[in-house]
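Here is a short note for a colleague who is meeting this structure for the first time. Please read the numbered points with the model open beside them.

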Amino acid sequence: MDRQKIHDEKKQLRKTLIQTRSSIPEVLRESKSHKIVDQILASEAYKKAEIIFCFYPIGDELRVDYLFDQALVDNKRIAFPVCLSRGHMESFIPQDMHDMEKDSFGIPSPDPEQDQKIEPYDLDLVIVPLLGFDRRRYRIGYGAGFYDRYLPRVSDQANIIGVAFSEQEVPKIPHDQYDFVLPAILTDKELLKG
């Protein structure tokens, strides 16, 4: 399949998936988010992790922020993505995760001038946002390619897990050789693993 056709299919799929996610009632999104975060907190991957890379949810995204305060109680360090240029992302640990400034996408982010940069190979657990996914563990995001470029730089020893509501599953995500296959995807219904 040529790249333009894949690009067009993904663009259409993103619109559908954004509508699908926003149609989940807020109360249900909250309970599903809690269920997923509870599973992460109970996992060996979390218990062993010292540095966790996580996204800051906005809008109707899965509320992984429920794990932030518990991670601090458990003496974990949380790094967040900072988009430095088109398709280029790095991770930083903010001095105060509850006092981050919004970036150009409107997402609370660390300050790359002041906060501690963390190399991808130093991460122990990486929690990846998904707009959609399929059973082969392909993901679709918002289309900028930040994660597809970043995730191959993470150590093989790290646990990488995508998180999504079960409603975000589709039969097939269009993909090419640049798309990163996730080792695991956790939803409110199941854990998909390779």
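**Notes on spaces, helices and selected residues**

1. The enclosed space comes first: the structure, which is a predicted model, holds 1 cavity of 30 Å³ or more. About 50 Å³ of space lies in this largest cavity, and the residues that line the largest cavity are Arg21, Phe55, Glu61, Leu62, Pro129, Leu130, Val163 and Gln168. By class, the lining of the largest cavity divides into 5 nonpolar, 1 polar and 2 charged residues.

2. Among the open spaces, the largest pocket has a volume of about 1,000 Å³. Its lining is made up of 38 residues, and those nearest the centre of the largest pocket are Tyr142, Gly143, Ala144, Gly145 and Phe146. Sorted by class, the lining of the largest pocket comprises 19 nonpolar, 6 polar and 13 charged residues.

3. Which elements each supply at least two residues of the lining of the largest pocket? They are the helices α1 (3-22) and α5 (146-150), together with the strands β2 (77-85), β5 (108-109) and β9 (139-140). Of the elements, α1 gives the most to the lining of the largest pocket, with 6 residues.

4. The second largest pocket has a volume of about 310 Å³. It is lined by 15 residues, of which Ala45, Ile161, Ala184, Leu191 and Lys193 are the closest to its centre. At least two residues of the lining of the second largest pocket come from each of α2 (26-42), α3 (44-48), β10 (159-163), β11 (184-186) and β12 (191-193). The residues of that lining divide into 10 nonpolar, 3 polar and 2 charged.

5. Helix α1 can be checked for its length and for the way its residues are placed. With 20 residues, α1 reaches 28 Å from its first C-alpha to its last, which is close to the 28 Å expected at 1.5 Å a residue. The buried residues in α1 are Ile6, Lys10, Leu13, Arg14, Leu17 and Arg21. Seen down the axis of α1, these buried residues fall within an arc of 125°, and they therefore line one face of the helix. Lys15 and Gln19, on the other side of α1, are exposed. As background to this pattern, an α-helix has 3.6 residues a turn, so residues three or four places apart point the same way. Arg21 belongs to the buried set of α1 and also appears in the lining of the largest cavity.

6. Helix α2 allows a similar check. Its 17 residues should span 24 Å at 1.5 Å a residue, and this agrees with the end C-alpha atoms of α2, which are 24 Å apart. In α2 the buried residues include Arg29, Lys32, Ser33, Ile36, Val37 and Ile40. Because the buried residues of α2 fall within an arc of 135° when seen down its axis, they line one face of the helix.

7. Glu26 deserves a separate look. Glu26 lies in helix α2 and counts as exposed, at 55% relative accessibility. The C-alpha atoms of Glu26 and Asp60 are separated by 7.8 Å, although the two residues are 34 residues apart along the chain.

8. On the cysteines, the count comes to 0 disulfides. Why is there no bond between Cys54 and Cys83? The sulfur of Cys54 is 14 Å from that of Cys83, the closest cysteine sulfur, and this is too far for a bond, given that a disulfide needs the two sulfur atoms within 2.5 Å. The surroundings of the two residues can be stated as well: Cys54 is buried, with a relative accessible area of 0%, whereas Cys83 is partly exposed, with a relative accessible area of 29%.

9. Two residues should be noted for their backbone angles. Asn75 has a positive phi of about 60° although it is not a glycine, and Asn75 lies in the loop between α4 (68-73) and β2. Arg137 has a positive phi of about 75°, and Arg137 is likewise not a glycine; its place is in the loop between β8 (132-133) and β9. Is each of them buried or exposed? Asn75 is exposed, with a relative accessible area of 68%, while Arg137 counts as buried at 17% relative accessibility.

Note on methods. Residues numbered from 1 in each chain as written. Predicted model: local features only at pLDDT ≥ 70, side-chain atom pairs only at ≥ 80, totals over all residues. Heavy atoms only, no water. 1 Å grid on protein atoms, 1.4 Å probe; cavity = no way out; pocket = protein on both sides within 12 Å on 5 of 7 lines; lining within 4 Å. Points joined across faces, edges and corners; volume = space filled by probe spheres on them. Nonpolar A, V, L, I, M, F, W, Y, C, P; charged D, E, K, R; others polar. Helix = DSSP H or I, 4+ residues; strand = E, 2+ residues; numbered from the N terminus. Buried < 20%, exposed > 50% of the residue type's maximum accessible area, 1.4 Å probe, protein only. Expected span 1.5 Å × (residues − 1). Arc of directions from axis to C-beta.
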